[in-house]
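These are my notebook entries on a single structure. I set down what I looked up, in the order in which I looked.

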Amino acid sequence: MPVYALRRPLASFLVAVQALACMPFGPGDEAGEPAIGGPAAVASARLVAADSEPGSWMSYGRTYSEQRFSPLTKVDTDNVGQLGLAWSFDLETERGIEATSIVVDGVMYATSAWSIVHALDARTGEKLWTFDPQVAKDKSKHACCDVVNRGVAVWKGRVYFGALDGRLIALDAATGEVEWSVATVDPALPYTITGAPRIIRDKVLIGNGGAEYGVRGFIAAYDADTGEQVWKFYTVPGNPEKGFENGAMEMAAKTWNGEWWALGGGGGTVWDAMAHDPDLDLLYIGVGNGTPWNQEIRSPGGGDNLFLSSIVALRPDTGEYVWHYQTTPGETWDYTATQHIILAELEIDGRERKVLMQAPKNGFFYVIDRENGELLSAEKFMGATWASHVDMETGRPVETENARYSDGPQLTWPSYLGGHNWHPMSFNPATGLVYIPVLDFPANYAHPDEFGFEYRPGAPNLGIDGITGSLPDDQAERDALGALVKGRLLAWDPVEQKEAWVVEHPGTWNGGTLTTAGNLVFQGTSNGEFVAFRADDGKRLWSFPTQTGVVAPAMTYELDGEQYVSVNVGWGGAFALVFGEYVRAESMPNVSRVLTFKLGEDGSLPEVDWQKNVVFDPPEQTASAETIRKGYSTYQDVCLGCHGLNAVSGLLIPDLRGSAYLHDQAAFDSVVLDGALGANGMAAFGEQLDAEDSEAIRAYVIQQAWRGKALAEGRQSAARSSQ
Ligand code: CA
């Protein structure tokens, strides 16, 4: 039981009292457990019966089945046009916002970048408390995909969340004060936490990220009262000479070759998806890619490399392995299976089946029997080219010619950002459709033949050729590639395994989805709109200008008989960091806020003033062509994850091509090697790079700055001459 601190703010006390007065479901737990009061009084019985309390959104995907479907109907297709802004809350950050808010007992728990947690009055947006775990800014070095956080879990008066640096922290839900904090990982290793915890029977479940750098993936369970670790399940085997933790690891090790453990640990991080079936007593987890991506380096001679890119079913009380299904055997493209997992009951061939659905990065939509892992169907939901189909006899994909880029570079759909990434999809039992935020663009994969592969501990270790994977120098070619970069909202029939309807978006990296019993689908877009669509046919019914790109999914709740729809907005994430070239054409910069809507409101947002243009002022280029090319390769290996392909930044981080540090090598070294801007999030890379690397990277960025300046001036003169 939490001990409420004395400094409990009056506002949260009032909310708690109101909540107790109108609580539709008793806050007690299973038989014998005393009832608990106060905010976030969520326990097993209440969470398992979440559908009897549709006004709340008590866990990440609303229920353990993670459908992101709300039974609320007060906002529907007839009146959604009257939705207006009821309140907004400034999240005071300029980095990506990916969280789903939790709303229970009248309080909203929203997280922002850098793992900061806010408790708000869900009726008004008034701040009750904020907790900042003070993550060191240079930890951003290990965050492949922005310093994001996807949300909290609540349980018996506490709020639980993972901090970017690997801590799992329990706060008093009433006050925001720390009850306990544990390091779930070795802080010296490049693990991060961005995902939301889940809680099953007093155990807090959390995984981690870091497979781009080199870690050994796992998920672990912690005692909700004390933070003590209860169990730990590794997703990939360690060095077999040291023995195996369990039979599952012994089985997995037979599918690996070489000395993967010496290249950082094999990868396989559990950084996002979890779902739970209380009747079957199974926890489902999604497992990520290998380290390095390139399997020929990671596991020479091949092998399936279990449990990379797999869905694994575990016993939630013990972490014991039950079954797995591997979506991408021997993965070599960063095709994670960490994407959102949804549980549902579907009638297939005249028989009601308990299914698990996933649209992982690899571009196939999977329907799996969740009792035993049997594959029921798998079809492409976008134009994946790496495999022709999934063989239903074996359950394995049939790869296309040169899919593994063994015979030279291969332009491949989807890219390493996937046909679908972390942005949650949703399932509406009334329409029978799954609403998927689809990414559709390729990446050019090649082995690192020109400069070879060097394992750099703590830096990105992808094992592919960075120059081949970058953008073409020729602008016409670059624009042609850009024309292939697409994003859409896809309504998918999981029984028929085919498209029901589709909406093409102007941009690529759009928000997760929410669907409701009001026959609605809500989604934000990269170009700054929050939109409602009719769920059965995709007709666009309403939108609101968000002033920023939206990547998080919306959620909805009801208080005092009124339905609210809320979305956390704020541009960011992996695409925003890497694909600056396209971001600058199609997306809006970061303005991070919670926006909450209800019928009959007409609130507006204050004007924002953001600047997309880079001011180019490069020094003279003095480096040799050879140095510039080496710098190009090293930049693509080490820098692009934050600063963008070809040094074009994606509106989150200052564009290096406009940096004053380009004018002086010693100043540039002080930043790159020594961490002079560590407090701003630019970590020291002195352990991964040397002075020669730094000089070559600077030369490459200077070249790109001159290129950008010429293009900008060319465009200006073209614009002038057309007047
Ligand atoms: Ca990855």
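**Entry 1: a pair within one helix.** I began with Glu 713 and Lys 709, whose side chains form a salt bridge with an N to O distance of 3.2 Å. I note that the model is a predicted one. Both residues belong to helix 10 (residues 691–721), and because they are four residues apart, about one helical turn separates them. I then looked up their accessibility. Glu 713 is partly exposed, at 41% relative accessibility. Lys 709 is likewise partly exposed, at 23%; this value counts as such because the buried class ends under 20%.

**Entry 2: buried pairs.** I next turned to Arg 46 and Asp 105, which meet in a salt bridge at 2.7 Å, N to O. This pair joins distant parts of the chain: Arg 46 sits in helix 2 (residues 44–48), Asp 105 in the loop between strand 3 (102–104) and strand 4 (107–112), and their positions lie 59 residues apart. Are the two partners buried or exposed? Arg 46 has a relative accessibility of 1% and so counts as buried. Asp 105, at 7%, is buried as well.

I also recorded Arg 62 with Asp 51, a salt bridge whose closest N and O atoms are 2.3 Å apart. Both residues lie in the loop between helix 2 and strand 1 (69–70), 11 residues apart. Arg 62 is buried, with a relative accessible area of 3%.

**Entry 3: the full count.** How many salt bridges does the rule give? I obtained a count of 38. I also found a network of salt bridges that links Arg 201, Lys 203, Asp 281 and Asp 317.

**Entry 4: the calcium ion.** Which residues supply the protein donors of the calcium ion? I listed Glu 212 through two OE entries, Asn 289 through OD1 and Asp 334 through two OD entries, at 2.3 to 3.0 Å from the ion. Along the sequence the spacing of these donor residues reads E-x76-N-x44-D. Glu 212 lies in the loop between strand 12 (203–206) and strand 13 (218–223), while Asp 334 lies in the loop between strand 18 (321–326) and strand 19 (341–348); the two are 122 residues apart. I found both Glu 212 and Asp 334 to be buried.

**Entry 5: nonpolar cores.** The largest nonpolar core comprises 101 residues, and Tyr 109, Ile 219, Phe 233, Ile 285 and Phe 522 have the most contacts inside it. Strand 13 gives the largest share of this core, with five residues. I followed Tyr 109 further: beyond its neighbours within four places in sequence, its contacts include Pro 39, His 118, Trp 129, Val 152 and Ala 173. A second, separate core has 97 residues, among them Ala 344, Val 390, Trp 422 and Trp 492.

**Entry 6: two domains.** The domain assignment gives domain 1 (69–442 + 484–599) and domain 2 (625–722). Their centres, taken over C-alpha atoms, are 31 Å apart. I found 24 residues of domain 1 in contact with 22 residues of domain 2. The area buried between the domains is about 1,700 Å², and carbon and sulfur atoms give 61% of it. Lys 141, Leu 577 and Arg 584 supply 36% of the area that domain 1 buries against domain 2, more than any other three residues.

I closed by looking for charge pairs across this interface, where the rule finds one salt bridge. For Arg 584 I also noted a salt bridge with Asp 655, at 3.7 Å, N to O.

How values were computed: Residues numbered from 1 in each chain as written. Predicted model: local features only at pLDDT ≥ 70, side-chain atom pairs only at ≥ 80, totals over all residues. Heavy atoms only, no water. Donors = N, O, S within 2.8 Å, 3.2 Å for Na, K, Ca; no water. Buried < 20%, exposed > 50% of the residue type's maximum accessible area, 1.4 Å probe, protein only. Core = buried A, V, L, I, M, F, W, Y, C linked by side-chain atoms within 4.5 Å. Contact = heavy atoms within 4.5 Å. Domains from an automatic or database assignment. Buried area = accessible area lost by both parts, 1.4 Å probe. Salt bridge = Lys/Arg side-chain N within 4 Å of Asp/Glu carboxyl O.
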